[in-house]
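Subject: A structure for you to look at

Hi,

Here is the structure I promised to pass on to you. Please open it in your viewer and keep it beside this email while you read.

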Amino acid sequence: MSPPPPLMLLPLLLLAAGSFAAGNAKATPPSAAAAAGAGAPAPVPTPWPEQFHAVVFTNLTESGGRLQLIDLYYDWPKGRNLNLIHNQLSGDPTYDVEWTNGTSYYFDSGSCRTIRFPVGILPPDWLADGAVYLGREHVDGFDCHVWTKVDFIWYYEEVATGRPVRWNFFNGMQQHVMSFEVGGVLEDSKWQAPPYCFNGDNADTATLAADGADVMNSLMRFVGGSSCSYSCIA
Ligand SMILES: *[C@@H]1O[C@H](CO)[C@@H](O)[C@H](O)[C@H]1NC(C)=O
Ligand SMILES: *[C@@H]1O[C@H](CO)[C@@H](O)[C@H](O)[C@H]1NC(C)=O
């Protein structure tokens, strides 16, 4: 038996996110004044631009994975998000194409898996609601504001520019933003899943059920996609 591919863990992660959200619903975040110093309101995270292209260096070694370079295309107006995942020393990248209607396609040059999620993609202001400000920290050589959301993600934003610098997840995944191009888009044809995602035997489809906070489930979907490696695909 080979170990379960990361996607098999997604239903569990979704359940975990649901209980995370439920378990934390009553927790009172520290007051803004306490976090930021007497009298000053805590900073609010900068919303994501509606479209951007980021190159993200991803370190999965703490969660048993490898290193990746990911081209992330976030396209809110067109309701889609794409991770083009280059695994270290692998010539065949993995695509994770997420549509806001809930369908995600994971494919490489030879195989495909389709997953239907009960949630859409992250909205640009996904971090603001429920984020707890932790203060300032020097991270990757940048002076950053740090927020956490239900001890699930730690998000580092450059104080001077509002650009994201890094985010870390509870499962050990660390993502470093190497470039951040506001307005960067990927041409439509590159979003199209290949024919073998749609023909009978090869089209491996699963549907995930979830309840609880929508944004948390969208975040789970985002994490699952970004931590997807060659083994996402059956
Ligand atoms: C990856 O993360 C591990 C665990 O935090 C760390 O020890 C290692 O230095 C990191 N590697 C790179 C290339 O960032
Ligand atoms: C969602 O949109 C994508 C891209 O247009 C499409 O391939 C997929 O079938 C749609 N899913 C549903 C459930 O309508």
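One definition will help before we start: two strands pair if DSSP finds at least two bridges between them. Please also keep in mind that this is a predicted model.

With that in hand, have a look at strand 7 (residues 131-139) and strand 8 (residues 142-149). These two strands pair in the antiparallel sense, and eight bridges join them. Within the pair, tyrosine 133 stands opposite tryptophan 147 of strand 8. The two strands form a hairpin with two residues between them, and there aspartate 140 takes a positive phi near 55°.

Now zoom out to the whole protein chain. You should find three helices and twelve strands in the protein chain. Of its 234 residues, 35% are buried. If you take the contacts with a separation of 6 or more, 58% of them join residues 24 or more positions apart.

Next, the inside. Which residues have the most contacts inside the largest nonpolar core? They are Leu72, Tyr105, Tyr106, Phe107, Leu122, Leu219 and Val223, in a core of 40 residues. Helix 3 (residues 214-226) gives this core its largest share, with six residues. Try clicking on valine 223: leaving aside residues up to four places away in sequence, valine 223 touches Phe169 and Met173.

Another residue worth finding is asparagine 87, which sits in strand 3 (residues 80-87). Is asparagine 87 buried or exposed? Asparagine 87 has 22 other C-beta atoms within 10 Å, and the cut-off for buried is 20 or more, so asparagine 87 counts as buried. The chain also brings asparagine 87 together with glutamine 68: they are 19 residues apart along the chain, yet their C-alpha atoms are separated by 4.6 Å.

Finally, there are the ligands. Around ligand 1 you will see Asn59, Thr61, Glu62, Leu67 and Gln174. That shell divides into one nonpolar, three polar and one charged residue. Around ligand 2 the residues are Trp99, Asn101, Gly102 and Thr103. Here the division is one nonpolar, three polar and no charged residues.

Have fun exploring, and write back with any questions!

Best wishes

Definitions and conventions:
Residues are numbered from 1 along each chain as its sequence is written. Chains are lettered from A and ligands numbered from 1 in the order in which they are written. This is a predicted model: local features need pLDDT of at least 70, side-chain atom pairs count only at pLDDT 80 or more; totals for chains, interfaces and linings use all residues. A residue is near a molecule or strand if its C-beta atom, placed from the backbone, lies within 6 Å of it. Ala, Val, Leu, Ile, Met, Phe, Trp, Tyr, Cys and Pro count as nonpolar, Asp, Glu, Lys and Arg as charged, and the others, Gly among them, as polar. A nonpolar core is a set of buried Ala, Val, Leu, Ile, Met, Phe, Trp, Tyr and Cys residues joined through C-beta atoms within 7 Å. A residue is buried if 20 or more other C-beta atoms lie within 10 Å of its own, exposed if 12 or fewer, and partly exposed in between; C-beta atoms are placed from the backbone. Helices (H or I, at least four residues) and strands (E, at least two) are DSSP runs, numbered from the N terminus. Two residues are in contact if their C-beta atoms, placed from the backbone, lie within 7 Å.
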